[in-house]
Amino acid sequence: MSTIATMKQQARATWAAGDFDAVVPFIWEVGGVTAEAAACEPGDRVLDIAAGSGNAAIQAAMRGAAVTASDLTPELFEPGRRRAQDNGVELEWVEADAEELPFADASFDVALSTFGIMFAPRHSVAAAELARVVRPGGRIALASWRPAGFIAEMFRTIAGFMNPPPPPEGPPVRWGTEAGAHELLDEAFEIRCEERILMQRYPAGIDEMTDYFMPRFGPMVMARRALEPAGRWDEFVAAYRELTRRWNEGGEGESALPAAYLLVTGTRRG
Ligand SMILES: C[S@@+](CC[C@H](N)C(=O)[O-])C[C@H]1O[C@@H](n2cnc3c(N)ncnc32)[C@H](O)[C@@H]1O
């Protein structure tokens with residue numbers, strides 16, 4: 001199997017592990033931000049790329065759009081369907097690699113992605129697919145983690161212990177830089193970039209917040225599977241606790257981790 005195919009197999013196993021939908025509330029706000037930033041409305045055909053359990057997709061559907069949620073990891077669709085039902089909307093769920101979207105050219109008015117498309121290993125291929133499926137004049141709204149921030153540091157800490165193969169076009173947070181966004185998107189889109197901060201709040205102390213994440217967040221679950229047999233899990237947990245304590249802005253009995261992301265909005269050139 002090629003390195004790229006192995007990376008994708010690993011990505012699917014990672015996001016299927018744990019209980020991703022149980023951590024979605026921590027990023028739910030950003031699905032609403034992207035759906036609003038792209039002005040999703042009735043009559044729009046909207047694609048959410050790397051939708052997971054439908055964060056942005058569901059909130060676009062709540063604004064009246066006809067939405068397709070696509071993701072590499074179909075294990076997330078069942079919780080997504082429940083989440084959609086709880087919010088009173090229905091959408092289409094399609095298993096799809098962001099680098100090879102199974103949709104016709106120019107078939108969407110809007111494409112969204114919240115912390116999703118950034119994880120496809122070949123950024124330029126995913127960007128070309130994004131450009132292909134959005135019609136001329138169509139809109140995009142993408143949220144990607146910034147390279148300097150709590151989340152990026154968390155992923156670097158995990159990678160420091162797990163030593164994954166080097167990503168072929170740089171780290172996912174390239175999508176979270178103005179330079180990266182312009183490199184990837186300028187040819188097909190007129191874009192605007194804006195840094196935003198998402199406060200990830202938990203109604204208890206920071207170590208309890210960590211204890212909540214550890215068995216639920218796929219990358220942590222995979223780290224544990226690899227590091228426990230190697231006798232390095234305690235070392236990892238200590239490094240992660242240090243990181244979260246350092247970033248925590250919460251007061252007594254509550255946690256607040258500031259997570260910086262880049263919001264990119266744009267219009268497909270004609
Ligand atoms: C951090 S989750 C975000 C999910 C969702 N957008 C949200 O906001 O809750 C990253 C998602 O990217 C998906 N993903 C990773 N690589 C992908 C690829 N090559 N194509 C499509 N989806 C991919 C994963 O399956 C996972 O659902």
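Begin by selecting helix 1, residues 3–16, which contributes three residues, the largest share of the shell around the ligand; helices (H or I, at least four residues) and strands (E, at least two) are DSSP runs, numbered from the N terminus. Residues are numbered from 1 along each chain as its sequence is written. The model is predicted, so local features need pLDDT of at least 70 and side-chain atom pairs count only at pLDDT 80 or more, while totals for chains, interfaces and linings use all residues.

Next, show everything around the ligand: 22 residues surround it, the closest being A50, G52, N55, T73 and A98, where a residue is near a molecule if its C-beta atom, placed from the backbone, lies within 6 Å of it.

Now move to strand 5, residues 134–145, in which nine of twelve residues are buried, that is, have 20 or more other C-beta atoms within 10 Å of their own, with C-beta atoms placed from the backbone. Strand 4 pairs with strand 5 in the parallel sense over six bridges, pairing being called when DSSP finds at least two bridges between two strands. Within strand 5, A141 stands opposite L112. Select strand 7, residues 255–268, and you will find seven bridges joining it to strand 5 in an antiparallel arrangement, with T267 as the bridge partner of R139.

Finally, select F115, in the loop between strand 4 and helix 5 (123–133). Its phi is positive, near 50°, although F115 is not a glycine, and with 24 C-beta neighbours inside 10 Å F115 counts as buried.
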